[in-house]
Amino acid sequence: MNLRRLLRPAVSLSAGLTATLAFAPFNMPLFALLSPALFYLCIAGITAKRAIWIGWCYGVGFFGAGVSWVYVSIHTYGYAPVPLAVLLTSLFVMALATLFALQGWCFARFYRIPRYAWLGFIGIWIFFEWLRSWLFTGFPWLYLGYAWIDTPLSSLAAILGVWGLSLLSLLFAVGITEAIRSQRPGPGLIALALPLLTLLLPNEWTTPDAKPPLRVALVQPNISQHDKWDSDNLPRILNQQIELSMPHKDVDLIIWPETAIPSLYFQAAPYVQPFFDYLDSYDTTLMSGFPFMTGNPHDESLMMFHNSLGIFSGSSGVYHKQRLVPFGEYVPFENQLRGLITFFDLPMSEFSLPQETQLTLPLKDWAIAPLICYEIAYPELTRISALNSHLLLTVSNDAWFGDSLAAYQHLQIARMRAIENGRWLLRGTNDGITAVIRSDGSIEAQIPRKVAKVLTAEVPAMQGKTPYQHLGVWPTLLIALLLMTLGWRPWQRISDKYHRTAG
């Protein structure tokens with residue numbers, strides 16, 4: 001009996017672990033079907049109390065494998081001893097897993113009648129994916145829809161966003177599972193028909209503008225995180241990026257990655273300003289990430305720092321990051337945690353949110369929608385920024401996560417944003433993966449990780465808007481709400497009573 005009680009948690013944990021194989025760099029979308037299907041089987045027909053435990057086990061596997069890269073930043077760059085790094089990573093994973101625990105409870109509590117309960121499971125999953133995009137500033141990572149980026153189904157993202165692909169994945173996986181489990185053909189027919197219908201939808205919503213393409217050069221300097229924030233290395237770091245950029249002085253746009261200027265600008269100016277003036281003479285625009293200070297430099301209580309992307313030649317403008325990474329860019333409960341361990345005192349972990357910021361940066365007659373690092377994972381934030389743009393740009397520094405899954409997952413996420421918004425996307429990073437991404441999510445060109453190199457390309461301005469840009473997440477949420485309503489226990493009782501009366 002005890003072994004039987006352990007079976008569901010073990011299968012649920014394993015199902016969560018295998019979900020990681022659906023995403024980059026493994027790219028096996030079959031697991032975006034198998035993982036939720038097994039989770040559904042594990043919590044179907046059990047009590048709400050037990051579903052909390054089963055759901056939590058699934059979440060531990062899901063996030064434990066999928067975001068294991070958090071350990072690298074805590075241990076390697078936060079200098080936390082291995083036991084402490086393991087503990088902090090485990091606490092992070094277990095906290096995220098509570099969302100799946102709550103998801104399991106909601107399903108088991110409100111969807112006990114089997115005929116339509118599978119619809120409720122799908123609706124709840126989509127609701128919780130959306131919830132993760134904003135709750136406690138959000139952690140919009142590992143949505144099921146990302147698994148379909150390299151399949152013909154990916155074009156659905158231009159209509160319903162990544163959540164639409166998650167919805168399709170769940171309808172197929174859980175529908176087939178329910179058809180086999182209940183020996184009813186209905187769910188299976190729905191599951192088989194929807195992907196075929198999706199393939200009939202249009203897959204091009206935006207078109208290239210008539211203006212000439214933009215000539216770009218993305219600089220990947222491959223600066224070690226151990227060296228980057230040492231002030232003694234500032235001249236060498238800046239000179240290295242200047243030397244990489246110099247042969248490309250006649251392009252329209254040069255991109256340096258996130259915090260490529262690793263100091264306040266007045267400290268870096270003696271080393272970079274002559275080069276920026278030189279680019280001005282060629283009418284070449286250079287954009288770079290840098291820390292931006294506001295307030296009174298003589299009064300620390302009035303000083304604020306922003307993680308920003310600025311234009312340093314050829315034009316002007318500054319974008320301030322709108323979504324900050326907890327512990328990486330700011331420290332929650334700062335007064336209590338600062339100084340306890342080195343991890344809570346990482347360089348540039350005192351950033352603040354801006355009161356307002358530019359949503360696009362100007363370049364001649366182009367409007368570029370900028371996003372910094374983690375922000376590209378927010379579908380709605382990107383959508384709003386992209387509405388009045390010709391091109392998407394994201395700069396990042398994935399060196400914080402070493403040789404882990406993070407950089408590959410991050411690139412996959414950026415590719416999905418390109419499809420959703422029907423825009424080409426430039427991705428400039430410190431140590432990879434720097435890439436130029438087409439509006440259909442395919443990669444035009446990229447630089448391998450861990451090399452210092454410059455990627456050049458010509459990119460078109462895009463015009464028009466996708467359905468997702470017009471409507472955002474709301475159509476998918478309404479579909480999720482409809483599914484939850486159809487599977488809801490009181491609704492099913494009313495439906496069953498009606499059918500009995502009619503019969």
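Okay, so, zero disulfides in this structure. That's where I'd like to start, and keep in mind throughout that we're looking at a predicted model. Quick reminder for anyone who needs it: a disulfide is a covalent bond between the sulfur atoms of two cysteines. So why does C57 have no partner? Because the closest cysteine sulfur, the one in C42, is 9.4 Å away, and that's too far for a bond. For comparison, the cut-off for a disulfide is 2.5 Å between the sulfurs. And is C57 buried or exposed? It's buried, at a relative accessible area of 7%. C373 is another cysteine that counts as buried, in its case with a relative accessible area of 11%.

Right, on to the packing. The largest nonpolar core has 128 residues in it, and the two that touch the most other members are V67 and F121. Which helix gives the most to this core? That's α7, residues 157–182, with 13 residues. If you want to click on something, click on V67. Skipping its neighbours within four places in sequence, you'll find V67 in contact with F92, V93 and L96, and also with F139, W141 and L142. There's another core apart from that one, made of 20 residues, and W256, I261, F275 and L286 are among them.

Hang on to L142 for a second, since we just met it as a contact of V67. Its backbone deserves a look. Most residues other than glycine have a negative phi, and most peptide bonds are trans. L142 has a positive phi, near 60°. You'll find L142 in the loop between α6 and α7, and with 3% relative accessibility it counts as buried. T137 also has a positive phi, near 75°, and its place, too, is in the loop between α6 and α7. How accessible is T137? It comes out at 36% relative accessibility, so it's classed as partly exposed.

While we're on the backbone, let's do the cis peptide bonds. One runs from A24 to P25, with omega near 5°. P25 sits in a loop, the one between α1 (2–18) and α2 (31–43). Another cis bond joins G432 and I433, and there omega is about 10°. Where is I433? In the loop between β10 (425–429) and β11 (435–437). Note that this one leads into an isoleucine, I433, whereas the bond from A24 leads into a proline, P25.

Now the empty space. Rolling a probe the size of a water molecule over the atoms shows where empty space is left. How many cavities of 30 Å³ or more does the structure hold? Three. The largest has about 50 Å³ of space in it. Its lining is F63, L99, F100, Q103, W125, F128, E129 and R132, and the elements that give two or more residues to that lining are α5 (82–110) and α6 (114–131). By type, that's five nonpolar, one polar and two charged; the charged ones are E129 and R132.

The second largest cavity holds about 40 Å³. Around it you've got P221, I223, K228, I237, Q241, P257, E258, T259, A260 and N430. That lining splits into five nonpolar, three polar and two charged residues.

Then there's a pocket to show you, the second largest one, with about 340 Å³ of space. It's lined by 22 residues, and the ones nearest its centre are N203, E204, I419, S439 and D440. Which elements give two or more residues to this lining? Those are β1 (207–208) and α14 (406–421). As for the mix, we get seven nonpolar, 11 polar and four charged.

Last stop, an arginine. R383 is found in helix α13, residues 379–386. It's a charged residue, and R383 is buried, with a relative accessible area of 11%. What does R383 touch, not counting residues up to four places away in sequence? The list is N421, Y468, Q469, H470 and G472.

That's my tour; pull up whichever residue you like and we can talk.

Notes:
Residues are numbered from 1 along each chain as its sequence is written. This is a predicted model: local features need pLDDT of at least 70, side-chain atom pairs count only at pLDDT 80 or more; totals for chains, interfaces and linings use all residues. Side-chain values use heavy atoms; hydrogens and water are left out. On a 1 Å grid over the protein atoms alone, a cavity is a set of points where a 1.4 Å probe fits but cannot get out, and a pocket is an open set with protein on both sides within 12 Å along at least five of seven lines; lining residues have an atom within 4 Å of a point. Grid points are joined across faces, edges and corners, and a volume is the space filled by probe spheres set on the points. Helices (H or I, at least four residues) and strands (E, at least two) are DSSP runs, numbered from the N terminus. A nonpolar core is a set of buried Ala, Val, Leu, Ile, Met, Phe, Trp, Tyr and Cys residues joined through side-chain atoms within 4.5 Å. Buried means under 20% relative accessible area, exposed over 50%, partly exposed in between (1.4 Å probe, protein chains only). Contact means heavy atoms within 4.5 Å.
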